[in-house]
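Here is a short tour of one protein model, written for someone who likes to follow along with the structure open. Please load the view below and keep it at hand as you read.

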Amino acid sequence: MKPRLPTSAKWTPFPKEFSEKIIQVMSENFAEQCTRGEFTVDGRIYPQEILLRVGYIERNRLKQDNFEASSEYTMATPEQSAQKTIFSCLDAIGSSFDELFHTRTEGEDLELPVEWEAYDFEGDIVWMQYSTVNTKLEEEADRLLNSFGEDNLVREDSDSEDALSRAIIDAELAHDVQKEIRKGVKLN
């Protein structure tokens, strides 16, 4: 889970009991879906941002539906508590799951934000995005990597996870390939 704000680096996880309470609330609100699957929660408190991801995965499936919500947060503002900010994020996520489950029941398509988009939820600005990361598979992969005893294999950084963004591109070679393609010549 990557924070929305580039300045967000150090974070504190939500207390385990609080995450369990969120799962309980989602399970009660979406009882029908819980007969076929389960919810997961991952929450982080950064100095300037609250980040919450709630996922839903049906049994025997790999694809997990996740809604991530981010809201700006500062401890210096007395009227803005962390709990109030988390509840705003949870309301936004709950509404998103409601819409997702409804459109699937109706057989309709739903355009989901795959990058951070701002939404106004009852006067609070909440940034939302959708992903299909399977959190249990990610946790198991991290556990396996850590079992090799090399802590430096798993680390959190702010670099993009996209391999193409880290690729070194040879401009001259790219130009030559493009020129050959335009000629219609096969490349060996």
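## The second largest pocket

In this predicted model, the second largest pocket has a lining of 14 residues. Those that lie nearest its centre are Q33, R36, F101, R104 and T105, so they are a handy place to start looking. The space in this pocket comes to about 310 Å³.

Three elements each give two or more residues to the lining: α2 (31–34), β3 and α3. The largest share belongs to α3, with five residues. By residue class, the lining holds eight charged residues, three polar ones and three nonpolar ones.

## Helix α1 and its length

Let's turn to helix α1, which covers residues 16–29. How far apart should the ends of its 14 residues be? At 1.5 Å a residue, the expected span is 20 Å, and the end C-alpha atoms are indeed 20 Å apart, so the two values agree.

## The two faces of α1

Which residues of α1 are buried? They are S19, I22 and M26. These three cover an arc of only 55 degrees around the axis, and therefore sit on the same side of α1. The spacing fits a general rule: an α-helix has 3.6 residues a turn, so residues three or four places apart point the same way.

Among the elements that cover the buried residues of α1 are β2 (37–45), β3 (49–58) and α3 (82–106). On the face turned away from the buried side, you will find the exposed residues K16, E17 and E28.

Key: Residues numbered from 1 in each chain as written. Predicted model: local features only at pLDDT ≥ 70, side-chain atom pairs only at ≥ 80, totals over all residues. Heavy atoms only, no water. Helix = DSSP H or I, 4+ residues; strand = E, 2+ residues; numbered from the N terminus. Expected span 1.5 Å × (residues − 1). Buried < 20%, exposed > 50% of the residue type's maximum accessible area, 1.4 Å probe, protein only. Arc of directions from axis to C-beta. Contact = heavy atoms within 4.5 Å. 1 Å grid on protein atoms, 1.4 Å probe; cavity = no way out; pocket = protein on both sides within 12 Å on 5 of 7 lines; lining within 4 Å. Points joined across faces, edges and corners; volume = space filled by probe spheres on them. Nonpolar A, V, L, I, M, F, W, Y, C, P; charged D, E, K, R; others polar.
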